Structure formats: C-alpha cells, structure tokens
Amino acid sequence: KLIEDNQLDILAVCESWISEDASDVIKKDIAPLNYSALHTHRSRVAGRARKGGGLALIHNHYCTVVQEL
C-alpha cells in the first residue's frame, strides 16, 4: 500500500524475516503488482544462529536494476 499510495518507483527495505533459503513465492510476495523484489541477505556470523533478513529492493518493472556480486 505504501508503494502505490506514494507512487514510488523504488523502495529499499531493511527486513528481518525473509531467509536466504525461503522460496521465491515468499521472497516475491513483498512486491505489489507490476513490481519486483531483489533481496540481499545478511552474511552468516560464526557462532550465531541464522534468522534471516537483509535488504529488499522493491522496484517498478520499468526500472532496470542490476545486482552485482
């Protein structure tokens, strides 16, 4: 709702619940119609349990977004 109400093209969200091994259905559900989501997950830290989370970039389909590794 935030994206549509404010007519945003791109929204970056620090999220805490989507894990790296989550299915694409879960990862893409964050994006409304005509938008896509790109996720960068937190790095593993030795000695700590992995709970998920990281940065999600939600963008309009007409925006070109490239993830560099």
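**Exercise 1. Contacts and exposure along the chain**

Find what share of the contacts between residues at least 6 apart in sequence joins residues at least 24 apart, and state how much of the chain counts as buried.

Solution. In this predicted model, 58% of the contacts between residues at least 6 apart in sequence join residues that are at least 24 apart. Turning to burial, the chain has 69 residues, of which 29% count as buried. The area that the chain exposes is about 5400 Å², and 53% of that area is supplied by carbon and sulfur atoms.

**Exercise 2. The elements and the sheet**

List the elements of the chain from the N terminus on, and work out which strands stand at the edges of the sheet.

Solution. Begin with the inventory, which comes to two helices and three strands, running α-β-α-β-β from the N terminus on. Next, place the strands: the three form an open sheet in the order E1-E3-E2, with antiparallel pairing. Strand E1 (10-15) and strand E2 (35-41) each have a single partner strand and therefore stand at the edges, with one side of each left without a neighbour in the sheet. From one strand to the next, the twist averages 20 degrees.

**Exercise 3. Pairing on either side of E3**

Determine how many bridges join E1 to E3 and how many join E2 to E3, and give a residue that stands opposite E3 in each pairing.

Solution. As background, strands of a sheet pair through backbone hydrogen bonds, either parallel or antiparallel. Here E1 pairs with strand E3 (residues 54-60) in the antiparallel sense over six bridges, and Ile10 stands opposite His59 of E3. E2 and E3 also run antiparallel and are joined by seven bridges, with Thr40 standing opposite Leu55 in E3.

**Exercise 4. The two faces of E2 and the loop after it**

Assign the residues of E2 to a covered and an uncovered face, and then decide whether Arg42 counts as buried, partly exposed or exposed.

Solution. Recall that in a regular strand the side chains alternate between the two faces of the sheet. In E2 the covered face holds Tyr35, Ala37, His39 and His41, whereas Ser36, Leu38 and Thr40 belong to the uncovered face. Moving on from the strand, Arg42 is found in the loop between E2 and E3. Its relative accessibility is 39%, and since partly exposed covers the range between under 20% for buried and over 50% for exposed, Arg42 counts as partly exposed. Finally, Arg42 and Gly52, which are 10 residues apart in sequence, are separated by 7.0 Å from C-alpha to C-alpha.

Notes:
Residues numbered from 1 in each chain as written. Predicted model: local features only at pLDDT ≥ 70, side-chain atom pairs only at ≥ 80, totals over all residues. Heavy atoms only, no water. Pairing = 2+ DSSP bridges. Helix = DSSP H or I, 4+ residues; strand = E, 2+ residues; numbered from the N terminus. Axes fitted to C-alpha atoms, helices over the stretch in contact; angles between N-to-C directions. Buried < 20%, exposed > 50% of the residue type's maximum accessible area, 1.4 Å probe, protein only. Contact = heavy atoms within 4.5 Å. Areas by Shrake-Rupley, 256 points an atom, 1.4 Å probe, with all protein chains shown as cover.
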